[in-house]
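Hello,

Here is the structure I promised to pass on to you. Have a look at it first, and then read on for what I found.

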Amino acid sequence: MVARLVIAAPSSGAGKTTVATGLMAAFAGRGLAVSPHKVGPDYIDPGYHALATGRPGRNLDAYMCGPDRIAPLFRHGARGCDLAVVEGVMGLYDGAAGQGELASTAQVAKLLRAPVVLVVDASSQSRSVAALVHGFASWDPEVRLGGVILNKVATDRHEALLREALEESGVPVLGVLRRAPAVETPSRHLGLVPVAERQAQAVAAVAAQAEQVRAGCDLEALFALARSAPELSGEPWSAEVVEPSPGGARPVVAVAGGAAFTFSYAEHTELLAAAGAEVVTFDPLRDEALPEGTRGLVVGGGFPEVYGEELSANAALRAAVAGLAASGAPVAAECAGLLYLARSLDGRPMCGVLDADARMSPRLTLGYRDAVAVSDSVLAAAGTRMRGHEFHRTVIEPGAGERPAWGLRQPEPRVEGFVRGGVHASYVHTHWAGAPEAAARFVAHCAGGPAA
């Protein structure tokens with residue numbers, strides 16, 4: 001049994017990431033093996049979680065992976081650990097728009113049978129905090145609210161007023177945190193700046209978060225609450241759900257990494273390896289050639305718009321990517337990968353694999369997507385349904401090729417993305433743990449065998 005806590009909040013911006021990351025680092029500093037998790041599709045927070053714990057940050061997304069896979073994925077990530085800390089998404093009861101509790105922190109907490117700690121931004125309230133906490137504690141009787149951490153508390157007098165008010169709520173105060181600029185992490189157009197772009201500063205911020213949590217939270221009470229979680233039934237998820245490609249060959253699959261391409265799920269590389277691939281990471285900002293023997297390419301999400309000049313300057317790698325795609329080799333690109341394969345990004349030359357041009361936009365595109373494969377591709381046969389997520393402030397023109405990748409229903413019916421030869425490029429992020437056959441199909445194409 002893995003002790004576990006879910007760190008939630010009434011809304012975004014209350015300090016969940018600061019508290020969750022600080023708790024992870026504080027408990028890891030005590031010598032505990034801490035498993036870090038994040039509810040929802042977020043790629044950036046898990047980077048800070050990994051820095052705090054020394055283990056991969058893993059997402060628990062009930063929309064993209066299905067509610068039935070949440071506990072198995074959790075057990076997979078937390079295997080052998082003393083404690084798991086799960087950071088929630090948005091407000092405790094916020095989930096996929098128009099679909100009830102689906103993909104909410106509350107749903108994940110119930111699926112994990114885990115106690116919830118509510119992080120409350122107390123900066124503009126005193127006695128009203130009791131009404132707020134009472135409402136969250138009583139809204140869903142299946143959600144166990146085990147305590148509250150008060151964040152952004154101004155003074156000792158403010159703390160006293162808050163504690164007095166909460167005595168009547170029956171929910172214990174497990175921590176009080178003052179405002180502390182040192183723990184803050186800079187943001188930009190898609191949220192926090194990833195760890196890979198500010199390694200030294202990120203290390204310092206996580207250390208400050210750990211110190212703030214150690215000083216302001218009752219770690220013994222929090223660990224006791226975590227240990228009160230009951231046993232979870234069922235087997236852990238395993239990447240072995242996919243069959244290795246026939247013939248025994250291990251095709252090299254190059255996966256883009258580095259500061260420009262930081263968005264990935266740990267399960268993707270695990271599934272590729274289980275399907276028989278030799279996964280090799282490379283950095284498009286620094287490497288002038290693809291890994292030796294590359295038979296397939298995966299370019300996930302990230303911030304190519306921030307590194308457009310450097311990516312464009314690496315003409316040798318751009319030519320190598322274009323040549324691989326022209327050969328018909330499998331290429332899977334999501335969001336940032338789509339931009340990198342375009343003809344240009346903000347006027348700078350990119351790989352030119354797609355007859356399309358991309359640019360920054362003031363409009364944020366955000367939300368879950370129910371996708372249907374429009375064209376046969378290296379990831380899916382036409383008609384295959386997959387669930388995904390869009391999150392970007394860019395546009396690409398045209399938005400779809402002659403053979404689109406996906407048909408989408410939200411926010412309005414449309415087709416998007418490109419299927420061309422072995423290339424599948426789209427704005428839609430997918431989580432292959434929810435569709436492991438995509439990884440198997442991709443590796444089978446890389447190996448030259450039949451599609452799975």
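A good place to start is Gly 276, which follows helix α10 and has a positive phi, near 110°. Please keep in mind that this is a predicted model.

Helix α10 itself covers residues 266-274 and lies across three strands, β10 (252-256), β11 and β12 (294-299). With β11 the helix makes an angle of about 140°. Which residues of α10 are buried? They are Glu 267, His 268, Leu 271, Leu 272 and Ala 274. These residues sit on the same side of α10, because the arc they cover around the axis is only 165°. That fits the general pattern: an α-helix has 3.6 residues a turn, so residues three or four places apart point the same way.

Now for the sheet. It is open and has 6 strands, in the order β11-β10-β12-β13-β21-β20, with mixed pairing. The edges are taken by β11 (278-282) and β20 (418-420); each has a single partner strand, so one side of each has no neighbour in the sheet. From one strand to the next, the twist averages 15°.

Further in, β13 (residues 331-334) pairs with β21 (residues 423-426) over 4 bridges, in the parallel sense. Within this pair, Glu 334 has Ser 426 of β21 as its bridge partner. A further helix, α14 (residues 436-447), also packs on the sheet, where it touches β10, β12 and β13. The direction of α14 makes about 150° with that of β12.

Happy browsing, and best wishes!

Terms used: Residues are numbered from 1 along each chain as its sequence is written. This is a predicted model: local features need pLDDT of at least 70, side-chain atom pairs count only at pLDDT 80 or more; totals for chains, interfaces and linings use all residues. Side-chain values use heavy atoms; hydrogens and water are left out. Two strands pair if DSSP finds at least two bridges between them. Helices (H or I, at least four residues) and strands (E, at least two) are DSSP runs, numbered from the N terminus. Axes are lines fitted to C-alpha atoms, for helices over the stretch in contact, and angles run from 0 to 180 degrees between N-to-C directions. Contact means heavy atoms within 4.5 Å. Buried means under 20% relative accessible area, exposed over 50%, partly exposed in between (1.4 Å probe, protein chains only). The arc is that of the directions from the helix axis to the C-beta atoms.
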